[in-house]
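Please walk me through this structure in the viewer, one selection after another. At each stop, tell me what to select and what is there.

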2 protein chains.
Amino acid sequence: MKPGNIQITTPSPVRAELAHKFANWQTRKPDGFVCPVRDALDRIGDKWTMLVLIALADASMRFSELHRAVPNISKRMLTQTLRELERDGLVLRRVFPTKPPSVEYELTDLGCTLFEPVGTLVRWVEQSHGPIQAARQRFDAAAPSARGGQVILATDKQ
Amino acid sequence: MKPGNIQITTPSPVRAELAHKFANWQTRKPDGFVCPVRDALDRIGDKWTMLVLIALADASMRFSELHRAVPNISKRMLTQTLRELERDGLVLRRVFPTKPPSVEYELTDLGCTLFEPVGTLVRWVEQSHGPIQAARQRFDAAAPSARGGQVILATDKQ
DNA sequence: CAGCATCCAGTATGATACTG
DNA sequence: CAGTATCATACTGGATGCTG
């Protein structure tokens with residue numbers, strides 16, 4: 001096929017699987033193209049959803065507990081995020097008609113299943129954090145002017 | 001503590017692990033709070049990164065091949081996405097000084113490692129797609145006016 | 001071919017104030 | 001307490017035109 005003598009040696013079977021699925025998603029519809037990955041990322045990829053979910057991993061919580069547990073989230077965003085999660089059946093909302101009212105949020109079974117993929121993702125980040133940082137430094141150091149970065153070019157060039 | 005007699009029965013160990021980590025991320029810094037999950041989602045959670053990555057799972061590709069392979073992406077976004085990936089060391093960019101120039105993109109070893117978490121995520125989406133759809137329909141059908149949805153209120157009361 | 005620069009619109013999020 | 005409503009803004013991404 002192509003010159004295979006590069007240092008790409010990962011024989012991951014997942015890779016082929018993904019490539020195949022990707023092809024399928026494409027050939028479906030010439031205009032629509034709804035890919036499950038995009039679908040997933042639209043759901044959990046926003047700024048707060050994962051944080052709320054993980055906060056709820058510990059225990060079910062009331063609104064204001066969550067508000068305290070998730071750093072810097074606004075009530076507006078917390079409400080919105082919880083509504084989405086409730087709508088998707090990942091979180092259960094239970095209202096207790098006390099006075100003043102109290103509301104508890106907890107993960108559903110479906111919501112709990114999210115922890116497998118998320119756990120995998122977290123482990124990946126923890127492992128690749130170092131290499132990525134290194135790669136960035138290399139990149140930023142190597143091509144300062146090539147990308148319009150505001151760098152003070154001295155007389156020397158790397 | 002709280003009424004625990006609900007149908008939440010998942011005994012996932014990952015759950016406790018995540019909860020614990022979350023607590024750690026929080027107690028770190030009162031202001032910063034950089035959570036690896038957010039970090040990861042910032043990296044792969046945007047509109048195109050995953051698509052490009054998966055497109056490259058099949059084989060290394062030239063710029064215009066990618067442009068064709070990823071549906072509806074603009075050159076602007078493709079370039080931008082590839083730069084980020086290159087910077088993070090997930091993708092390797094190789095320029096061939098032909099005329100006109102040609103550039104090949106391929107996954108690095110580090111980039112390939114992403115397929116494990118992503119594969120897990122994809123599998124999760126495929127499995128939970130049905131339940132989520134169902135939950136949504138239930139939710140939307142059950143509480144049309146309760147969520148500020150634009151429902152036609154006969155008496156015009158708000 | 002493989003980009004980059006510019007402009008612009010839509011959306012995601014934040015700040016603030018008000019309510020049952 | 002647990003939200004809702006409104007306004008302000010920052011950022012993302014799309015369209016377009018220009019280059020070597």
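The tour goes from chain A to a helix pair, then to the two DNA strands, and ends at some backbone details.

**Before starting**

The model is predicted: local features need pLDDT of at least 70 and side-chain atom pairs pLDDT 80 or more, while totals for chains, interfaces and linings use all residues. Residues are numbered from 1 along each chain as its sequence is written, chains are lettered from A and ligands numbered from 1 in the order in which they are written, and side-chain values use heavy atoms, with hydrogens and water left out.

**Stop 1: chain A**

Select chain A and colour by secondary structure. Chain A has seven helices and three strands, taken as DSSP runs numbered from the N terminus (helices H or I, at least four residues; strands E, at least two). Along the sequence their order is α-α-α-β-α-α-β-β-α-α. Of the 158 residues in this chain, 45% are buried, where buried means under 20% relative accessible area, exposed over 50% and partly exposed in between, using a 1.4 Å probe and protein chains only.

**Stop 2: H2 of chain A against H7 of chain B**

Select residues 36-44 of chain A, which form helix H2. Seven of the nine residues of H2(A) are buried, among them A:Val37, A:Leu41 and A:Ile44. The buried set also includes A:Arg38 and A:Arg43.

Add residues 115-142 of chain B, helix H7. The two helices pack at about 65°, and their axes are 10 Å apart; axes are lines fitted to C-alpha atoms, for helices over the stretch in contact, and angles run from 0 to 180 degrees between N-to-C directions. H2(A) is therefore roughly perpendicular to H7(B), a term for angles of 65 to 115 degrees. Their crossing is left-handed, that is, the near helix is turned anticlockwise from the far one by less than a right angle.

Now move to the counterpart helix H2 (residues 36-44) of chain B, where B:Pro36 is found. B:Pro36 counts as buried because its relative accessibility is 15%. The C-alpha atoms of B:Pro36 and B:Lys21 are 9.8 Å apart, with the two positions 15 residues apart along the chain.

**Stop 3: DNA strand D**

Select DNA strand D and the residues near it (a heavy atom within 4 Å). Which residues are closest to DNA strand D? They are A:Ser64, A:Arg93, A:Tyr105, B:Lys47 and B:Arg76, out of 19 that surround the strand. Among the strand D atoms within 4 Å of the protein, 62% are sugar or phosphate and the rest are base atoms.

H5(A) supplies the largest share of this surface, four residues. By type the surface has eight nonpolar, three polar and eight charged residues.

Show the individual pairs next:

- A:Lys75 has a polar side-chain atom 2.8 Å from a base oxygen of strand D.
- A:Arg83 has a polar side-chain atom 3.2 Å from a phosphate oxygen of strand D.
- B:Trp48 has a polar side-chain atom 3.1 Å from a phosphate oxygen of strand D.

**Stop 4: DNA strand C**

Switch to DNA strand C. It is surrounded by 19 residues, and the closest are A:Arg76, B:Ser64, B:Thr79, B:Arg93 and B:Tyr105. Here 63% of the strand atoms within 4 Å of the protein belong to sugar or phosphate. H5(B) gives the most to this surface, with four residues.

Three phosphate pairs are worth displaying:

- The side chain of A:Trp48 places an N or O atom 3.0 Å from a phosphate oxygen of strand C.
- The side chain of B:Arg93 places an N or O atom 2.7 Å from a phosphate oxygen of strand C.
- B:Val103 has a backbone N or O atom 3.4 Å from a phosphate oxygen of strand C.

**Stop 5: backbone details**

Most residues other than glycine have a negative phi, and most peptide bonds are trans. Select A:Lys99 and A:Pro100: the peptide bond joining them is cis, with omega about 5°. A:Pro100 lies in the loop between strand S2 (91-96) and S3 of chain A. In chain B, the bond from B:Lys99 to B:Pro100 is also cis, with omega near 5°.

Next select A:Asn72, in the loop between H4 and H5 of chain A. Its phi is positive, near 70°. A:Asn72 counts as exposed because its relative accessibility is 65%. B:Asn72 has a positive phi of about 70°, and at 63% relative accessibility B:Asn72 is exposed.

Finish at B:Thr108, in the loop between strand S3 (102-107) and helix H6 (109-112) of chain B. B:Thr108 is buried, at 15% relative accessible area. A polar atom of its side chain lies 3.0 Å from the backbone nitrogen of B:Gly111.

Key:
A polar contact is a pair of N or O atoms within 3.5 Å; within protein, one must be able to donate a hydrogen and the other to accept it, and residues adjacent in sequence count only if both atoms are side-chain atoms. Ala, Val, Leu, Ile, Met, Phe, Trp, Tyr, Cys and Pro count as nonpolar, Asp, Glu, Lys and Arg as charged, and the others, Gly among them, as polar. Angles under 35 degrees count as roughly parallel, over 145 as roughly antiparallel, 65 to 115 as roughly perpendicular and the rest as oblique.
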